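Here are some short exercises to work through with the model open beside you. Try each task before you read its solution.

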Amino acid sequence: MRIKDKNFFYLNIIIIIAFVFVFDLPRNLYNLLLHNYVNRNYSIYGFCEKESYGYLEKIHSKYNGKVNINSYNFEDYPKSSSVFFYNKNHEFDNNKLIILNYDSDNLNHRKFFLEKFSKYKILDNYKNKCFLIEKL
Amino acid sequence: MIEILAVLFSFFSLSILFLFPSFFLVNKFSILKKLNFFDLLSVNIIFQFTIYLLFSFFYSNISTLITNFFFISLISLFIFFYYNKNIKINKRLLLSILLFTIIVLCNFFSIANNFKLQWDAVAHWFWKTQNFYQNGDLTQLRNLPYPFYPHLGTYLWASFWKLSILNHEYLGRLYYSYIYIVSIFAVLQPIKSKYFFILISSLCYLIFDSYALGGYQEYLVFFFITFVGRLFFLLKEKKINNIFFLLLFLLAINLLIWSKQEGVIYSAILFLTYIFTFRTELKNKVLIFLFLSLIVSLYFYLNFLFKGNLFFHEPIINSFYKFKNFKIFINSFFLISLHLFKSLVQHPTTIISALLLLLLLSTKKLNFASINHILLFFALNIILIYAIFYHSQFPVESILGPVLGRLILQTSGFYLVSFVYFFNANYQYEK
């Protein structure tokens, strides 16, 4: 191998190693080693924030996963994130609804809640932000 | 640690699985000798996905089938190396496989660390995956959001999820990342330049989009379109057998249609590209038209039969209000053009490819006939983008941001062949 070719070969290797860093491989591996799946799940989807995976899990475990309940997210996320706990063998309980990311200080939220959900009773309340409600 | 092992196992199993069958048949069929290693992987993916698609209409669980393919492939690999002990793999291919492994693992671990399902995935794709994961069949999609969306990607996602060693959904969707990198390597393998490894790493990085890997079907569409782009190149430059081309073209088109709704339109665009830019007998063109009509009709018929629904996301006939009001028409045109430019910059492979082709044409290193199919595909694709946004009932500004970038991404692989033309035309000037 000529010196020039050899240098070019090493340059190739250096650039490829640089790409490993650009793709964030060391940090991704570090996070996988340090944080388990459950913790990363809560940090990605939130407990009672973002898609509120944690709160949905809490409600579904309350019913042992034997019922599908729709959810309504007040924040800028997909309206229903019940898909995480969807069980195709059970029907949707249309009398119940999980409310996510409700902000009582937000006038629009309050107005919408009163308009749509005034004929519901609260079965579970987490910090006035996430609820399980049921039709009266 | 167990998660890292699970990801590595997924890489190993996908790599073995997709060696079947063409890798072991190279010596038996001379046509396969014209293909590079990553072409063979692509052909296998097309072959296997077609079988999985067929099975999806009858079986909700294909774990046994995939496992059988895996073991047949693994045993064939041992037999292959047993009988070819003195096989010499060229250094460049070995380095390519090494680089491929590094890039795929970078992608896999990126998904593993940030496995968030993005908006559309939560809103409709993951519902289908959950159904298939719980051994639900196609008819049960009727009760879920957007049942008419094509199911191929989510069916495979659920199948690979079932076969993963941990019960984490993201392990099922690692295959999206695997196949798109395979297609990039397949297209770029013929590059002779000494900058090959740097170029391929850079392009993989430019095409990588962590958002689109969050449960979207874009990379599935990307793979099929890139594969067809590669087939066009092989037909034009390597003069591959016409029947072989037609077979793979139709299989890829069929899978494209079952991947995403716009797949039907992309298949029509690819068909038109073939009809207008390739010199072939009229018989072949008629044949391909008949098969395409059959594939599209089957798609609508089976969708109606199984899912009870054959509609698009929006009705095809609507008020067309953006055409009726001149002010809205002009405003929409400027907004679409602006966002189109922004998206082309965000996903720069298309724009770089266009510049490279222009440079080659202007310096007369390439004749127009070699690349007319790329230019026609590009033109039709741009027309499609404007048509989608003009047709939509939603205000243009509300849908441009999230949709346009993904539309550009899924077709960007088709233009990658420009890099092959450019670097090979300039290879003699490299010192």
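A residue is called buried if 20 or more other C-beta atoms lie within 10 Å of its own, exposed if 12 or fewer do, and partly exposed in between, with C-beta atoms placed from the backbone. The model is predicted, so local features need pLDDT of at least 70 and side-chain atom pairs count only at pLDDT 80 or more, while totals for chains, interfaces and linings use all residues. Residues are numbered from 1 along each chain as its sequence is written, and chains are lettered from A and ligands numbered from 1 in the order in which they are written.

**Exercise 1. Describe the build of chain A.**

Step 1: take the secondary structure, where helices (H or I, at least four residues) and strands (E, at least two) are DSSP runs numbered from the N terminus. Chain A has five helices and four strands, in the order α-α-α-α-β-β-α-β-β.

Step 2: compare its spread with the globule rule, which is 2.2 Å times the number of residues to the power 0.38, the radius of gyration being taken over C-alpha atoms. For 136 residues the rule gives 14 Å, but chain A has 23 Å, so it is more spread out than a compact globule. Its C-alpha trace spans about 85 × 35 × 25 Å along the principal axes.

Step 3: turn to burial. In chain A, 27% of the 136 residues count as buried.

**Exercise 2. Do the same for chain B.**

Step 1: chain B holds 18 helices and zero strands.

Step 2: a compact globule of 431 residues would have a radius of gyration near 22 Å, and the 21 Å of chain B agrees with that. The principal axes of its C-alpha trace span about 70 × 60 × 50 Å.

Step 3: of its 431 residues, 43% are buried.

**Exercise 3. Check the length of helix α12 of chain B, then place it among its neighbours.**

Step 1: the expected span is 1.5 Å times one less than the number of residues. For the 26 residues of α12(B), 282–307, that should be 38 Å, and the end C-alpha atoms lie 37 Å apart, which agrees.

Step 2: its buried residues are B:Leu292, B:Asn303 and B:Lys307. They pack against α10 (242–257) and α11 (263–277) of chain B, a contact being two C-beta atoms, placed from the backbone, within 7 Å.

Step 3: just after the helix, B:Gly308 takes a positive phi of about 65°.

**Exercise 4. Which residues that are not glycines have a positive phi, and are they buried or exposed?**

Step 1: A:Lys127 has a phi of about 55°. A:Lys127 sits in the loop between β3 (120–126) and β4 (130–135) of chain A, and is exposed, with 10 other C-beta atoms within 10 Å.

Step 2: B:Lys239 has a phi of about 50°. B:Lys239 belongs to the loop between α9 (218–237) and α10 of chain B, and it too is exposed, with 10 other C-beta atoms within 10 Å.

**Exercise 5. Locate the cis peptide bond between B:Phe20 and B:Pro21.**

Step 1: the omega of this bond is about 0°.

Step 2: B:Pro21 lies in the loop between α1 (2–17) and α2 (37–56) of chain B.
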